[in-house]
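Q: Please take a close look at a single residue of this model and place its surroundings within the chain as a whole.

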Amino acid sequence: MRHDDLGAGLAGTALQTMVFARSSGRWDDAHAAARAVTAQPLAGHPAQASLYRGVPAVAYALHIADHPAYARACAGLEAETIAIVADRVDAGLRRMDSGRPPRMAEYDLISGLTGLGAFLLRSDRGAALERVLHYLVRLLTEPVTIAGHQVPGWWTLDSPSGAIEDGTFSTGHANLGLAHGMPGPLALLALASRAGYTVDGQDQALDEGIAVLTQWAQPQAGGSIGWPDLVPLDAFLAGPAPGAEPTRPSWCYGAPGIGRALQLAALARHDHQARQTAERAVLDSATDPRQLAQLHDATVCHGWAGLLLTCDRIAADAMTPDIAYQLPKLHAQLDTHLVRHEISQDAGLLEGNAGVRLTLHALRTPRPPALGWETCLLLN
């Protein structure tokens, strides 16, 4: 277990203790967590560091704390993060200028520039954020060529594992998950627009992302609508195919996370139809027993907590109260799961107990609206 890992390590636990301390005013646990995550060297090389690992991950947790005791450490870590961002943007732009498609970790939320942009959005670092937004605009609007076919600029050469492989994914794939695919950049651009950060081409990029997600919101077996997680080249060129089995309704992949990205983009562009599509898909995912049966743990990444928290944020912006009506049922299902299985003893925001506890805290405890720890999930 890494001390500087936000998703599955002590940095995620530190984030939880920071949020709890800001609500309660009791800082002993938070101070202990801060010492634990800063006592060892943090990953700081641009090839290793991201929102979910190393310097930026710890900087994010300390920034959310907003405590004077961390001001000096936070300032240093933020300066290091901005240098990491500059290096990553430069590398991404060189790759774009060469005409080559990206690797998934170049741009995604977990390992790439979308996640680093989420940190900058939360910390109000305008100049560095502007460079990330310019990069994401190009990513969503400038196509690349794969095997003689023009595909979107976010088409990744990777297989779903993040490695280059032969077989089904020898020509890469279109990734439609919020955590690793195009919905992440789309959500960040939309959140930036909501916060007043815009660059040239941002509206076009939002429109192009909306067009992809509305096109691929396909009728599924049983009458719901939803999205495939991954689309290899042959399937992408053939276009959406109705009748697929619905996927797991999770934050990382699945209708809740993708739907939130589409909803945010539709709100930014005042696109009534896209907003309806997003909210209907999410409502379907929260009420379809076949989809809910695919949830087997309580985690934020791909379990009950992620579904509940994402639906709660979607409901707050929804056109109708239909999703809000489902929240008590989803909360009860999370509670039932926890009674039967207890909270995992694993650390971390995405795969461990910190994310579950933060979700329960967020939905049960009055909190300052500015707290905003969910920006690392691209929910707010």
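A: A residue is called buried here when its relative accessible area is under 20%. The model is a predicted one, and by that criterion buried residues account for 57% of the 380 residues in the chain.

The residue chosen is L264, which lies in helix α11, spanning residues 255–269. L264 has a relative accessibility of 3%, and therefore counts as buried. Apart from neighbours within four places in sequence, the contacts of L264 are with A187, A190, L191, R194, L378 and L379. By way of a reference point elsewhere in the chain, A73 is separated from L264 by 191 residues in sequence, and the two C-alpha atoms are 33 Å apart in space.

The wider setting is as follows. The chain contains 16 helices and six strands. Its radius of gyration is 20 Å, close to the 21 Å given by the globule rule for 380 residues, so the chain is as compact as a globular protein of that length. The C-alpha trace extends over about 55 × 50 × 40 Å along its principal axes. Of the contacts between residues at least 6 apart in sequence, 69% link residues at least 24 apart.

Turning to the surface and the charges, the accessible surface of the chain amounts to about 14800 Å², with 51% belonging to carbon and sulfur atoms. The chain carries 28 positive and 38 negative charges, and the mean positions of these two sets lie 5 Å apart.

How values were computed. Residues numbered from 1 in each chain as written. Predicted model: local features only at pLDDT ≥ 70, side-chain atom pairs only at ≥ 80, totals over all residues. Heavy atoms only, no water. Helix = DSSP H or I, 4+ residues; strand = E, 2+ residues; numbered from the N terminus. Rg over C-alpha atoms; globule rule 2.2 N^0.38 Å. Buried < 20%, exposed > 50% of the residue type's maximum accessible area, 1.4 Å probe, protein only. Contact = heavy atoms within 4.5 Å. Areas by Shrake-Rupley, 256 points an atom, 1.4 Å probe, with all protein chains shown as cover. Lys, Arg positive; Asp, Glu negative; His and termini not counted. Charge placed at Lys NZ, Arg CZ, Asp CG, Glu CD.
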